[in-house]
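I opened my notebook to look up a few things in one structure and to write each finding down with care. The sequence and the model come before my entries.

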Amino acid sequence: MKSLRCLFLALACLLAPHLALAEEVTVTLPGGVPLVLVRVSAGTFLMGSPDGERGNFLGNETRHEVTLTQDYYLGKTEITQAQWEAVMGTPMRSECGDIAVGGDFPVYCVTWNRIAGPGGFIEKLNAHLGTDVFRLPTEAEWERAARAGTTTRFSHGDVLECSDECEPCAAHDDYMWWCGNVSPFGPKPVGQKLPNPFGLHDMHGNLWEIVNDRYQEFSSAPVTDPTGPGGNGDIVLRGGGAEAWINRSASRVGGSPDDRAQNNEVGFRIAATNAEGLTFQINNGINDAWYDPATAGQGLLITVFPVIEQMFLAWFTYDTERPPEDVTAILGEPGHRWLTAQGPYAGDTATLKIFVTEGGVFDSAEPPASTDLAGDGTMTIEFSDCSQGLVSYQITSLGISGQIPIQRITDDNVSLCESLGSQ
């Protein structure tokens, strides 16, 4: 047994860089559109490519040591057209054609100015969430995330057995879109390929990605937290999209920051510092009457007790007539049993035990159907913001389970909830 344990530990250490579980933060954009970011840890890595790396035809990838002193978050995927429209209030521009239009496709036909300039995506995103943490990644942050702890040409290996042009290559197929597996050529929906070891999708291929830096040649000297030069010069594009060689981790080109650069091969992903506080936090501003908008006559009365970090919930119908003795009460129908649930909450999620009560009306004086402290089932409520959430339930004693969206009946306590959540 001891030898097996030692073998397991040795394998775990060997495979750890490739099995790391990503730490994610999800923020909710207008209209309930989610934006997922992945935590990237601080550290030191080699940026650029070694002398003679196959595919460095531009000679602008001088290898050098980079130290990033702070953890940061990076978009799990490129910003999608649904996310762009949610923040900007208008669809993606149409000047670049409609070769890949759809909510899950990455936004293209964008420029540095439209993203990071006045009135751009980042300014509006920060304003929506009442923060200033969102930004474009620096070039160094982008490459650390793309490499994901590797030193090979791609995060999935050197792939020297394949051509660096547009020929098919099985070693690339699972990880990136490039001209060897895209026909006709154009962006594909995000997240369809396997993630890299940091849990990020499409760092290789699909689109070039705009970063914050202005373009400059690298020095071989070590640097700490580089941000590139200032001014109004060309910006940097990373990630590639066409031939295999331009999808390498070190590949980089310069481009115009203004509308001259908009085309159907350039997109971006968002970065954030200190994003931990951006997720919704349950507070007593949640206290209110909630309901399932798709089901008439069904509501939930929620009460939060912050001192003990517990939530109490009553789930009822608006029907106040007790069903006849020979009618079975069915959840969601007139006269159904009313339920109570209670339990702890943390962050945006409450995990509750369900207790089924006797009778069919919520003013019943009957005792609980069960006094088992384990409860009659479980319920999880995940709140996306102060106005909406998702209930998942499994009621063993009734043999039912399901999932329903919920929202407030009135908005009276929304402002209180939002103010408590920002503290």
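How many salt bridges does the structure hold? I found that the structure, which is a predicted model, holds 15 salt bridges.

**Entry on salt bridges**

I began with D71, which forms a salt bridge with R39, and I noted that the closest N and O atoms are 2.8 Å apart. This pair links distant parts of the chain, since D71 sits in the loop between β4 (64-68) and β5 (72-75) while R39 belongs to strand β2 (residues 33-40), 32 residues apart. I then looked up how open the two partners are: D71 has 30% relative accessibility and therefore counts as partly exposed, and R39, at 26%, counts as partly exposed too.

Next I turned to E141, whose salt bridge with R135 brings the closest N and O atoms to 2.7 Å. Here I wrote down that E141 counts as buried because its relative accessibility is 9%, and buried means under 20%. R135, at 23% relative accessibility, counts as partly exposed.

The third bridge I looked up joins the side chains of R238 and E143, at 2.7 Å from N to O. I noted that the pair links distant parts of the chain, with R238 in strand β9 (residues 235-238) and E143 in helix α5 (residues 139-147), 95 residues apart. Are these partners buried or exposed? R238 is buried, with a relative accessible area of 0%, and E143 counts as buried at 0% relative accessibility. Following shared partners, I found that salt bridges join E139, E143, R147, R238 and R252 into one network.

**Entry on aromatic rings**

I went on to the aromatic pairs, of which the count comes to 6. In one of them, the rings of W84 and F121 have their centres 5.4 Å apart and their planes at 10°, so I entered the pair as stacked. W84 lies in helix α2 (residues 81-88) and F121 in helix α4 (residues 121-129), so that this pair links distant parts of the chain, 37 residues apart. Both W84 and F121 are buried.

F121 also pairs with F268, and this pair is edge-to-face, with 5.4 Å from centre to centre and 75° between the planes. Because F121 lies in helix α4 and F268 in the loop between β11 (266-267) and β12 (271-272), the pair ties together parts that are 147 residues apart in sequence. F268 is buried, with a relative accessible area of 0%, and I recorded that W84, F121 and F268 form one aromatic cluster.

I also looked for charges over rings, and I noted that K193 lies over the face of W177, at 4.0 Å from the ring centre. The charged end of R214 sits over the ring of W112, 4.5 Å from its centre.

**Entry on cavities**

Last, I looked up the empty space, and a search of the whole structure finds 2 cavities of 30 Å³ or more. The largest cavity has a volume of about 40 Å³, and its lining includes S155, H156, Y175 and D202. I noted that this lining divides into 4 nonpolar, 4 polar and 1 charged residues.

The second largest cavity holds about 40 Å³ of space. Which residues line the second largest cavity? I listed F185, G186, P187, N206, L207, G241, A242, N264 and E265, and they divide into 4 nonpolar, 4 polar and 1 charged.

Definitions and conventions: Residues numbered from 1 in each chain as written. Predicted model: local features only at pLDDT ≥ 70, side-chain atom pairs only at ≥ 80, totals over all residues. Heavy atoms only, no water. 1 Å grid on protein atoms, 1.4 Å probe; cavity = no way out; pocket = protein on both sides within 12 Å on 5 of 7 lines; lining within 4 Å. Points joined across faces, edges and corners; volume = space filled by probe spheres on them. Nonpolar A, V, L, I, M, F, W, Y, C, P; charged D, E, K, R; others polar. Phe/Tyr/Trp six-rings, centres within 6.5 Å; stacked < 30°, edge-to-face > 60°. Helix = DSSP H or I, 4+ residues; strand = E, 2+ residues; numbered from the N terminus. Buried < 20%, exposed > 50% of the residue type's maximum accessible area, 1.4 Å probe, protein only. Lys NZ or Arg CZ within 6 Å of the ring centre and 35° of its normal. Salt bridge = Lys/Arg side-chain N within 4 Å of Asp/Glu carboxyl O.
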